[in-house]
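Work through the exercises below with the coordinates open. Each task is followed by a solution in steps.

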Amino acid sequence: MQRREFSQAALAAGALAALPFTVSRQAQAAVARAAAGMPAMGTNLSGMEWAKPGLRANTSSAPNLHFTVPRKADVAYLAACGFMKNRLPIQWELLQPMLHDTVANAAAKAAIGNPGAFHAGYEAFITGVLDAHAAAGTRCIIDNHNYGRYQDFRFQADGSVIGLTVPPGGVLRPYTTDAVQIQSRIFSLVPGATLKIAHFTDFWTRAATKWKNHPGFGGYGLMNEPHDMPKPGGVIASNEEAVKGGEDLTIWPTFAQAAIQAIRAVDTVNPIYVAGNQYDSAMAIGTKNPGFPLSGTNLIYEVHVYLDAFSNGAFFDYDTEVAKNYSAGFGTGPIKVSTGADRLKIAVDWAKAKGVKLALTEVGMPIDDPRWEAMFAQTAVYAAQSGCEVYTWMGGNHWPIRNYAINHVPGWHQNKTLESSVSGVLKAAAGIVQATLFDDGPGYAPAGTPITITVYARGNLAQPVVLTVASNKGGTLSKSRLTIPAGANGQDSFTYTPAANQIATLTYTSDGQLAGQVPPPRKVFSLTDPAGYAATNLADAALAIVAKYGACKWGLADGYTDYLLGAPAAAGQVVRAVSDSGYGSSPGNALEMINWMNKDSGASGPMSVPVMRVTNGKKNSDHSVPESFGFWCKKSSRMAGVQPNPRNRVPYNLEDAHFAIAALSVPAATNTGVVFQASKTEDPQTSELGFLNGQPRARWIDSKGLTVQLLAPARLAVNTPAVLALASVAGAQKLRLNSAEIGSAAATFAPSAFTQMLMGCGYISYYPREGFRGNLYAVIAGKGAPTVAELAVLERYLGSTAGMTL
């Protein structure tokens, strides 16, 4: 189950009251479920284990960049949803950077740490996550997420490390400039083993001593997904041998038994989660782990199940997986709705026969097809009925997790927290009743053209919700009563055909269980001349053009303190969430702009969160401090055979006709950096607005390296609001400032996929790009080629958000 290899590269009580149920009520219900014998449910707070690929080889060890610590707000939100236990994957090397028996010289110790000692900063991160769980009345498993391996330096006979380099500042970890000086240690039982039982027991003895009495501590996850252990007598991974396979299956059970004994010498109470060979496969727990069940008290055997053909969690297209005509654990034959439950049943039957407890510590639900949801629902219900704990993959807030095809990460839409779809299914399996309503659909419909609008719940409803929809300007509704069915993530749709040349407002009412929680009023435009309508109403004319192009609009007037139960941000408060108040979003694809950087402690790195300002009565986000990270909308891209048509996508790619407009100001004359960027996280392609030494700039880079830059002839006046825009079609690019064209080019770009949009910063080729260090009022971006008149209306409107008159 090599998902990382595949993808790599407290809240205020008033805010909590915004949920249909409060934290305390959900916590009380969860406690009652636990008392009744219901198993724990939660998620994997993934993020702290992602630094390994570059660890010790380069500077890939920065918090909020190469790994991310879950925030207090993440834990509090999960508790508010009724999830009372989570799993925290950690990286062994980051916590214990030098094994206990390492012979190191003084220089190496000064740089890396003393043999066996825990890294104070990373240890504090873990304690902080446990503190957050204790504050929320929940628990957290510490999961050693290392696969039976440890990435280490090679120490010379004199205790030195060749090429050892210590980055300045104390945030980044030491590394070597000589790649040969890095080794991958692996569990083995023979003389010459590079990773021994004594290393493993030393680690867990120290961890148990440190956290056994913490009120937020929920157990020891001995080792995640041990796999491909050495062959009998070997000291390297069996999959690295010339002849693959033949691993010694006794290695892991022997290590696990030793760790259990070491922990129990310190802690006789807390649960110990015991994984199994072959990636924790549920189908292999009873056949590939000699000596299981092991000796010890309060042991819980953990297994993993994914729903795709090979149960590895790396393929997300349902039809492609069915066509493989194979199902892991069963052989020939396609996956089906019962596949997840059938796979888990193998482990459940083994656990029942052996009289041991079971936990499903990783299971995922691809988010793009309801057939996956049905499979996952059956798996989750079966797990609950079987007394099996469930922890979904993957929560947390590290950047690759955002809208990855399997995730348990909340977003932000219509100024409310948008619960992940997997959370709703998990709630239904646990009997947690809690949901929020949203709607999405087009907003532009010439007379006689019907549009489809969908109202949907995120969460779990105990009974159907009936809503009434009405139009204030006539037109034709396919139906006026909508029914959101009971259960997880229900939805209902209707069509609306507007009358000619109108601005209709659709409103929802309900007197049921979610009265007062209905989606906001929705405008639908059938204007024959949206640009001309600006003489009557500038805001409506601009919104009509936004609707015409299905574009996004993000205004800092809608800035909130958090995407987790946030409140409107006041001057001086951090701002972490801005909804798409345009028409770019659709069901399953909310184009929110959020900031999820963890700043719970001063050790979280230099990146800063924007702060709300009010200038001349207009709200704006302040990105002027160094290392200011702005707002991010992270999405997916097409991958043939894996995820060919994801719903969660940005509106355009580089080669598409597109436009972006921003209202902003800069506090200095020489600012350089990104204002708005559409790009791909892992690659260099980009379309962006920004500044170069104070001069407004538009820049495009395609996948072949073709670069086009348009630069304004003069610097922008300091602390003076301005509207900056770019527009691109095949063979023509333009840069505009305050509705005047100030630069043009004539390029045609190669196909170049985008997977993200950012405001106030950039991110390409795996690394953040400096923001423009200014103030941002609003942004509009979308696919298509608005006319010059339409662009002018959008620019005038954005100017008004900054107090300008264009």
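**Exercise 1: a pocket**

The second largest pocket has a volume of about 530 Å³; find which residues lie nearest its centre and which elements line it.

Solution. The model is predicted: local features need pLDDT of at least 70, side-chain atom pairs count only at pLDDT 80 or more, and totals for chains, interfaces and linings use all residues. Residues are numbered from 1 along each chain as its sequence is written, and side-chain values use heavy atoms, with hydrogens and water left out.

Step 1. On a 1 Å grid over the protein atoms alone, a pocket is an open set of points with protein on both sides within 12 Å along at least five of seven lines, a cavity is a set where a 1.4 Å probe fits but cannot get out, and lining residues have an atom within 4 Å of a point.

Step 2. The lining of this second largest pocket holds 26 residues, and Pro521, Leu543, Asp580, Ser581 and Gly582 lie nearest the centre. Two or more residues each come from β17 (434–440), β25 (522–525) and α15 (538–548), where helices (H or I, at least four residues) and strands (E, at least two) are DSSP runs numbered from the N terminus.

Step 3. Helix α15 gives the largest share of this lining, 5 residues.

**Exercise 2: a helix pair**

Describe how α13 and α14 pack, and state which residues meet.

Solution. Step 1. Helix α13 (residues 370–385) and helix α14 (residues 421–430) pack at about 35°, with axes 9 Å apart.

Step 2. In contact (heavy atoms within 4.5 Å), Glu373, Phe376, Ala377, Ala380, Val381 and Ala384 of α13 meet Val422, Val425, Leu426 and Ala429 of α14.

**Exercise 3: an aromatic pair**

Give the geometry of the pair formed by phenylalanine 200 and phenylalanine 255.

Solution. Step 1. Rings of Phe, Tyr and Trp (its six-membered ring) pair if their centres lie within 6.5 Å; planes under 30 degrees apart are stacked, over 60 edge-to-face, and the rest tilted. The structure holds 35 such pairs.

Step 2. Phenylalanine 200 and phenylalanine 255 are tilted, at 6.2 Å centre to centre and 50° between the planes. The pair links distant parts of the chain, with phenylalanine 200 in helix α8 (residues 197–211) and phenylalanine 255 in helix α9 (residues 251–264), 55 residues apart.

**Exercise 4: cavities**

Which residues lie nearest the centre of the largest cavity?

Solution. Step 1. The largest cavity holds about 240 Å³ of space. Its lining has 19 residues, and Asn403, Asn407, Val409, Leu418 and Arg458 lie nearest the centre.

Step 2. The second largest cavity holds about 100 Å³. Of its 14 lining residues, Asp74, Leu78, Gly396, His408 and Pro410 are the closest to its centre.

Key. Points joined across faces, edges and corners; volume = space filled by probe spheres on them. Axes fitted to C-alpha atoms, helices over the stretch in contact; angles between N-to-C directions.
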